[in-house]
Structures are given as structure tokens and as C-alpha cells.
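Welcome! Take a moment to turn the model around on your screen, and then let us walk through it together.

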Amino acid sequence: MRNFVIFLGACFILGDLAVVYIPSYYFGVVGLVLASLAGCGWLTSPGPSFVSLVLFLVYLGRILVGFLYSVSGSLDPF
């Protein structure tokens, strides 16, 4: 279990780094989704509680942000 939590933490950091360092919109969205899924798993790994449920929903909101990020980038003609 400890190795899995460390793996999720590494995926979370790599996803955020992908958003920061990759200028393409599509790869930025992949990074946001990866970080969101890893963050969801990371927060719910200790067990279900009200706080982890709220944080889980906040991290799922990042997926919506990633979708809006990709849509706004695809409308740019340049």
C-alpha cells in the first residue's frame, strides 16, 4: 500500500510538471487529467471520510479545468 501511495504522489507531481513544461494544449490536458486522477487516488487511499470526499470532488473539478483549457487552445487559429 505504501508503494502505491508513493506511486500516486509521483504521478501527481509528473502530471503537474507536464502542465507547466509542455506548451501544447493537448499534452497539458493529459497532464491535468493524470494529476487529477493521481490526486483523487492519493486522497482516498487512507479510507473514505467526508474530507476525502470533498477533496475528491475538488480534484475531479480539475478535469473540467483541463477540458476548458483544451477547448480554449483549440479555438486559437495560430
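Which helix gives the most to the nonpolar patch? Keep that question in mind while we get our bearings.

What you see is a predicted model, so a word on confidence comes first. The average pLDDT of the chain is 76, and 85% of the residues reach at least 70. Among the elements, H1 has the highest mean pLDDT, at 84, while helix H3, covering residues 50–74, has the lowest, at 72. Where pLDDT is low, the predicted coordinates should not be read in detail.

Now for the overall layout. Starting from the N terminus, the elements follow the order α-α-α; in total there are 3 helices and 0 strands. The chain has 78 residues, and 27% of them are buried. If you look at contacts with a separation of 6 or more, 58% are made by residues 24 or more positions apart.

Let us go inside next. The largest nonpolar core consists of 7 residues, namely Leu8, Cys11, Phe12, Ala35, Ala38, Cys40 and Tyr59. Two or more residues of this core come from helix H1 (2–21) and likewise from helix H2 (25–44). Tyr59 is a good residue to click on here. Beyond its neighbours within four places in sequence, Tyr59 touches Phe12, Ala35 and Cys40, which are also members of the core. The contacts of Tyr59 further include Ser36, Gly39 and Leu43.

From the inside we can move to the surface and return to the opening question. The accessible surface of the chain is about 5400 Å², and carbon and sulfur atoms hold 79% of it. On this surface lies a nonpolar patch built from Ile13, Leu14, Leu17, Val20, Tyr21, Ile22, Phe27 and Leu34, which together offer about 810 Å² of accessible area. H1 and H2 each provide at least two of the patch residues, and the answer to our question is H1, the top contributor with 5 residues.

One member of the patch deserves a closer look. Val20 sits in helix H1. Is Val20 buried or exposed? Val20 counts as exposed because its relative accessibility is 58%, and the cut-off for exposed is over 50%. To place Val20 against another part of the chain, find Gly31: these two residues are 11 positions apart in sequence, and their C-alpha atoms lie 8.9 Å from each other.

So H1 appears twice in this tour, giving residues to the nonpolar core as well as to the nonpolar patch on the surface.

Methods: Residues numbered from 1 in each chain as written. Predicted model: local features only at pLDDT ≥ 70, side-chain atom pairs only at ≥ 80, totals over all residues. Heavy atoms only, no water. Core = buried A, V, L, I, M, F, W, Y, C linked by side-chain atoms within 4.5 Å. Buried < 20%, exposed > 50% of the residue type's maximum accessible area, 1.4 Å probe, protein only. Helix = DSSP H or I, 4+ residues; strand = E, 2+ residues; numbered from the N terminus. Contact = heavy atoms within 4.5 Å. Patch = residues over 30% accessible without salt bridge, like charges linked within 9 Å, V, L, I, M, F, W, Y side chains within 5 Å. Areas by Shrake-Rupley, 256 points an atom, 1.4 Å probe, with all protein chains shown as cover. Salt bridge = Lys/Arg side-chain N within 4 Å of Asp/Glu carboxyl O. pLDDT = per-residue confidence, 0-100.
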